[in-house]
Amino acid sequence: MRFTYYGHACFSVEIAGQHLLFDPFISYNPLAKDKIALESVKADYIFISHGHGDHLADAAAIAKRTQPKAVVTPFEVGEWLEKQGLKNVVAMNHGGSKAFDFGRIKLTAAIHSSNLPDGSYGGNPCGFLCQTSAGSFYYSGDTALTRDMELVAKWAPDLAFAVFPIGDFYTMGADDAVLAAGMVGAKKFVGVHYDSFPPIRLDRAAALASAGKAGVELLLPGIGESIDV
Ligand code: NI
Ligand code: MN
């Protein structure tokens, strides 16, 4: 699986030639807008963890161009996206899973909030467990550390990697993300949701030291960088 970082909590995972894009927020991100051409972002599928603008601001523009096979998101966010004209919306809810041609997606619990940019009710935020024949990974979405994550290790004992927010303030910070990696049984995780806004500036050295102490690998790819995971 190939992981590409687009800044903030936006990334894609390439599986067997298909691009799974998560939480698109690029052209509105001052750190990413000059590094990533929005028209170059591939998306055979789009996943949106909750209704906050820093997770879906570019969803409509990208979906219009790439015509994804599905836009998978919590129910209320999905209804809102359909009203914006998005097609192939798969509006699910927590605990539910669905098989796609690349593998199976399960919506997991997240402790956060969720309203849409216009103030509409966004339901509850989610994370995604993705299980494929090429490997499995878990993206927690914006969340606090929660013991619910221990279930991920039961559902997917073979987890190749995880993706966790590490910026603190709006979500868990790096120390809690290291604990989360232990709970889900991931030996490596990618840190996201940091540096984009003043309250979430990351102390990189401290974050890497925290992971190193726990024997977990913290990956911090640059914006636009791709890594094999
Ligand atoms: Ni959020
Ligand atoms: Mn966020």
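Q: Which metal ions lie 3.0 Å apart here, and which residue coordinates both?
A: This is a predicted model, and in it the nickel ion (ligand 1) and the manganese ion (ligand 2) are 3.0 Å apart. Asp 142 coordinates both of them.

Q: Let's take the nickel ion (ligand 1) on its own. What are its protein donors?
A: Look for the protein atoms around the ion and note which residue each belongs to. Here they are NE2 of His 50, ND1 of His 52, NE2 of His 112 and an OD atom of Asp 142, at 2.2 to 2.4 Å from the nickel ion. Read along the chain, these donors of the nickel ion follow the spacing H-x1-H-x59-H-x29-D.

Q: Which parts of the chain do His 50 and His 112 tie together?
A: His 50 sits in the loop between strand S4 (45–47) and helix H1, while His 112 sits in the loop between strand S8 (103–109) and strand S9 (126–132), so this pair links parts that are 62 residues apart in sequence.

Q: Are His 50 and His 112 buried or exposed?
A: A helpful guide is the relative accessible area, where buried means under 20% and exposed over 50%. His 50 has 0%, so it counts as buried. His 112 has 24%, so it counts as partly exposed.

Q: How do I read the angles around a metal, and what is the arrangement at the nickel ion (ligand 1)?
A: The general idea first: four tetrahedral donors would ideally subtend 109.5 degrees, and six octahedral ones 90 or 180 degrees. In this structure, the four donor atoms around the nickel ion subtend angles of 85 to 180 degrees, so the arrangement is irregular.

Q: Now the neighbouring site in our tour. What are the protein donors of the manganese ion (ligand 2)?
A: The manganese ion has an OD atom of Asp 54, NE2 of His 55, an OD atom of Asp 142 and NE2 of His 193 as its protein donors, lying 2.1 to 2.3 Å from it. Their spacing along the chain is D-H-x86-D-x50-H. Asp 54 belongs to helix H1 and Asp 142 to the loop between S10 and H4, so these two tie together parts 88 residues apart in sequence. Both Asp 54 and Asp 142 are buried.

Q: Where does Ser 140 lie, and what does it touch?
A: Ser 140 is in the loop between strand S10 (135–139) and helix H4 (150–155). Its relative accessible area is 0%, so Ser 140 is buried. Leaving aside residues up to four places away in sequence, its contacts include Ala 110, Cys 126, Gly 127, Phe 164 and Met 172.

Q: How should I read the strands, and how do S8, S9 and S10 run?
A: A general point to keep in mind is that side chains in a regular strand alternate between the two faces of the sheet. Here S8 and S9 run antiparallel and are joined by six bridges, with Thr 108 opposite Gly 127 of S9. S9 and S10 also run antiparallel, joined by five bridges. Cys 130 has Phe 137 of S10 as its bridge partner, and a hairpin of two residues connects S9 to S10. S9 is mostly covered, with six of its seven residues buried.

Q: One last element: which residues of helix H3 are buried?
A: In H3 (residues 75–83), the buried ones are Glu 76, Val 77, Gly 78, Trp 80 and Leu 81. These buried residues pack against helix H1 (53–56), strand S5 (70–74) and strand S6 (89–92). After H3 comes Gly 85, with a positive phi near 100 degrees.

Technical notes: Residues are numbered from 1 along each chain as its sequence is written. Chains are lettered from A and ligands numbered from 1 in the order in which they are written. This is a predicted model: local features need pLDDT of at least 70, side-chain atom pairs count only at pLDDT 80 or more; totals for chains, interfaces and linings use all residues. Side-chain values use heavy atoms; hydrogens and water are left out. Buried means under 20% relative accessible area, exposed over 50%, partly exposed in between (1.4 Å probe, protein chains only). Helices (H or I, at least four residues) and strands (E, at least two) are DSSP runs, numbered from the N terminus. Contact means heavy atoms within 4.5 Å. Donors are N, O and S atoms within 2.8 Å of the metal (3.2 Å for Na, K and Ca); water is not among the atoms, so sites may look incomplete. Four donors count as tetrahedral if all angles lie between 85 and 135 degrees; four count as square planar and six as octahedral if opposite donors are over 155 degrees apart and all others between 65 and 115; anything else is irregular. Two strands pair if DSSP finds at least two bridges between them.
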